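I opened my notebook to look up a few things in this structure, and I wanted to write each of them down as I went.

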Amino acid sequence: MQSPYGNVWSSSATAWLRFLSRHVALLLFLLLAFGGMITVYWFFSPANDSLVNAAVAASGNDSLIAPIYKSVPDRPVLQRLPQSQGPMRVGLVSGHLDNDSGAVCADGLTEADVNLRITQLVAEKLRGRGIRTDILAEFDPQLAGYSATAFVSIHADSCDAFIDLTTGFKIAGSTYTDSSNLSICIEQAYQAETQLPYHANTITRDMTDYHAFREIAPGTPAIIIETGFMYQDRELIYDNAEVPANGITNGILCYLNGL
Ligand SMILES: [Zn+2]
C-alpha cells in the first residue's frame, strides 16, 4: 500500500527538479555573481590584520562594538597663507602732552609746543593717505596695551644755549619688540628730509628705557625720536615744522610699505 505521503513527496520533488531545470540559467548567474562578489571582496580587503584586530577587540568583551581601525597618514599642518594683516594703525605720542612742558626756551617756547606742532602735521599727512592715526598724550591712559602697526613718540632736545651748541636728531627703538626696521626707515627718511646729522652719542636712558615701550602691547614696533635741539635747530623743527614732519611721515610710510 502506498503511503499517502509518498506521492506528495515525490510530486513536490519533481516540482523542484522541474523548477531548477527551467531556471538553470538564472541559478548559474546567481552563483557566478556570488563568486564574483567574493573575489572582489577578497581582492580589495586590506592585507594587514585590521580585521583580526577588530575581531580580537570584539571578542575581548561581550560588546558588539568593535573599534574601527583606519590608518590615516600623518600630515604636517601648513598655514596656506600668511596671517592677513589688520588695518594699518599708527600711534603718535606728542611728547610731554598733557603732562609737563618739557624743555623750555628763554622766550617761553616749550618742547611740548614743538612736539605737538610736528605730531599734528605727521598725523594730518598720514590720515591724508587713509592711515588711521592716533595722537596720544605722554601718559595717555590708552597706552596700556596699546596695539598699532607702528608707534612713534616725538620729542625734542633741550633749549639751553650754553650746553646745546650742538645740532642733530636721534632715535631709540623699543627693546621689547624688534623695532629696527621702523628705526632704520625713520632715520634714513628724517636725515634725507632735514639734512640734520644723527646725534647718537647723546642718547639717554630716558630714550632707551622710554616708559611707553613698557606700556604698549608687545608686538608693536616702537621708537622715540628727538627731532632736533631746540636752540640750534629751532628754525628747522619749529618754524619749518613741515620739514621734520615730512621726514617722520616718510619714514613711517617706508616702514609700512616694507611690511
Ligand atoms: Zn622730551
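In which helix does Leu20 lie? I looked it up in the model, which is a predicted one, and found Leu20 in helix H1.

I next checked how covered Leu20 is, and its relative accessible area came out at 36%. Because buried means under 20% and exposed means over 50%, I noted Leu20 as partly exposed.

I then turned to the surface around this residue, where I found a nonpolar patch of about 840 Å² that includes Leu20 together with Trp16, Leu17, Phe19, Leu26, Leu27, Phe29 and Leu30. When I asked which elements give two or more residues to this nonpolar patch, I arrived at helix H1 (6–22) and helix H2 (24–44).

My second topic was strand S1, which covers residues 89–94. I recorded S1 as mostly covered, since five of its six residues are buried.

Which strands pair with S1? I found that strand S2, residues 132–136, pairs with S1 in the parallel sense over five bridges, and in this pairing I saw Arg89 standing opposite Arg132 of S2. I also found strand S3, residues 150–157, which pairs with S1 in the parallel sense over five bridges, and here I noted Val152 in S3 as the bridge partner of Leu92.

Last, I followed the chain with S1 and S2 in mind, and I wrote down that these two strands and helix H4, residues 111–128, make a right-handed β-α-β unit.

Technical notes
Residues are numbered from 1 along each chain as its sequence is written. This is a predicted model: local features need pLDDT of at least 70, side-chain atom pairs count only at pLDDT 80 or more; totals for chains, interfaces and linings use all residues. Side-chain values use heavy atoms; hydrogens and water are left out. Patches are made of residues with over 30% relative accessible area and no salt bridge: like charges are joined within 9 Å, nonpolar side chains (Val, Leu, Ile, Met, Phe, Trp, Tyr) within 5 Å. Accessible areas come from the Shrake-Rupley method with a 1.4 Å probe; for residues, only the protein chains shown count as cover. A salt bridge is a side-chain nitrogen of Lys or Arg within 4 Å of a carboxyl oxygen of Asp or Glu. Helices (H or I, at least four residues) and strands (E, at least two) are DSSP runs, numbered from the N terminus. Buried means under 20% relative accessible area, exposed over 50%, partly exposed in between (1.4 Å probe, protein chains only). Two strands pair if DSSP finds at least two bridges between them. A crossover is right-handed if, with the strands pointing away from the viewer, the path from the first strand over the helix to the second runs clockwise.
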